[in-house]
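Here are my notes on the model you sent over. Have the structure open while you read, and start with the pockets.

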Amino acid sequence: MEIFVVDAFTDRPFSGNPAGVVLLPEPADPAWMQSVAAEMKHAETAFVEASGSGPFPLRWFTPTTEVDLCGHATLATAHVLGGSAVFSTRSGFLTCTAGKDGWVEMDFPADPPVPVDATPLLRAALPGVTVKAVARGVSDVLVEVASAAEVRALRPDLVLLDDVPGRGVIVTARGDLPGVDVVSRCFYPSFGVPEDPVTGSAHCTLAAWWSPRLGRQTLLGEQASPRGGRVQMTLRDDRVGLAGQGVTVLRGELTV
């Protein structure tokens, strides 16, 4: 089986979010896929049955568990397959369309977060920030803070974040660089990912939160992790177009 490592949501190697991509000739045992993902040690490894005309069955695994939706590993998989593909997943059918200069747009479900109260646990886990609003999406808790500088400087208490209900926590603010509308960072310690470099699925929540507040349908998001990356978001009613680029940094053969 062919296996790839693709840096997603970037046009430069060794930045963005690396994902493993395994091309399966036939359905695979979930325990085996989990073992491969643990061996790869990336935030997610994608497994796709890429034979035939599609839709192609696609699953995603962190080093510790299977997840329902993963944007950067979907982008990485579409990049490996040439840019355009339709995938069948636990989150329904996902369509990817190749654009210019290596860009790929993915059609994902929007995730409008519902405002909730900030708990003492959440405030304690995010020292040094001014919490303006908290909202809960399908998977993540979104925390809007006062400035992009607070997002960039944040040093969260990952032990406390592990106890926050949900997949993880998105910390976000308005952008502070030319052309950047939204800045965010994403933390998933309960899934074995202390800080994710670039999280496509989180931008389904970010798009639904920021688009009405900024008055624009299309936004550019910067995920300000140490590796960094950028995601273009276009909110279309109950769907979000997520666009980014990818760079293949490794191609090999899986022998077990």
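Which strands each supply at least two residues of the lining of the second largest pocket? Strand S15 (218–223) and strand S16 (229–236) do. Before the details, some ground rules: this is a predicted model, where local features need pLDDT of at least 70 and side-chain atom pairs count only at pLDDT 80 or more, while totals for chains, interfaces and linings use all residues. Residues are numbered from 1 along each chain as its sequence is written, and side-chain values use heavy atoms, with hydrogens and water left out.

1. **Second largest pocket.** Its volume is about 220 Å³. There are 14 lining residues, and Phe9, Thr10, Asp11, Gly229 and Arg230 sit closest to the centre. S15 gives the most to this lining, with three residues. (Strands are DSSP runs of E, at least two residues, and helices are runs of H or I, at least four, both numbered from the N terminus.) By class, the lining has three nonpolar, six polar and five charged residues. Here Ala, Val, Leu, Ile, Met, Phe, Trp, Tyr, Cys and Pro are nonpolar, Asp, Glu, Lys and Arg are charged, and the others, Gly among them, are polar.

2. **Largest pocket.** This one holds about 310 Å³ of space. Among its 16 lining residues, Asp68, Leu69, Ser91, Val138 and Ser139 are the closest to the centre. Strand S5 and helix H6 (202–214) each supply at least two residues of the lining. The split is seven nonpolar, four polar and five charged. How the search works: on a 1 Å grid over the protein atoms alone, a pocket is an open set of points with protein on both sides within 12 Å along at least five of seven lines, a cavity is a set where a 1.4 Å probe fits but cannot get out, and lining residues have an atom within 4 Å of a point. Points are joined across faces, edges and corners, and a volume is the space filled by probe spheres set on them.

3. **Cavities.** The whole structure has two cavities of 30 Å³ or more. The largest has about 100 Å³ of space, and its 14 lining residues include Glu44, Thr62, Arg167, Tyr188 and Asp196, which lie nearest its centre. The second largest has about 40 Å³; Arg167 turns up in that lining too, along with others including Leu161, Phe187 and Pro189.

4. **Helix H1.** Which residues of H1 (residues 30–40) are buried? Met33, Gln34, Val36 and Ala37 are (buried means under 20% relative accessible area, with a 1.4 Å probe and protein chains only). They cover an arc of only 160° around the axis, so they are on the same side of H1; the arc is taken from the directions from the helix axis to the C-beta atoms. They pack against strands S2 (17–24), S3 (45–49), S4 (56–61) and S5 (66–67). At the N-terminal end, Asp29 acts as the cap, with a side-chain oxygen 3.2 Å from the backbone nitrogen of Ala31. Lys41 follows H1 and has a positive phi, near 65°.

5. **Asp181.** Take a look at the loop between strand S12 (168–174) and strand S13 (182–188), where Asp181 lies. Asp181 is buried, with a relative accessible area of 16%. Its side chain reaches the backbone nitrogen of Leu220 at 2.8 Å. Not counting residues up to four places away in sequence, Asp181 touches Arg174, Gly175, Leu214, Arg216, Thr218, Leu219 and Leu220 (contact means heavy atoms within 4.5 Å).

Terms used. Buried < 20%, exposed > 50% of the residue type's maximum accessible area, 1.4 Å probe, protein only. Polar contact = N/O pair within 3.5 Å; in protein donor to acceptor, adjacent residues only side chain to side chain.
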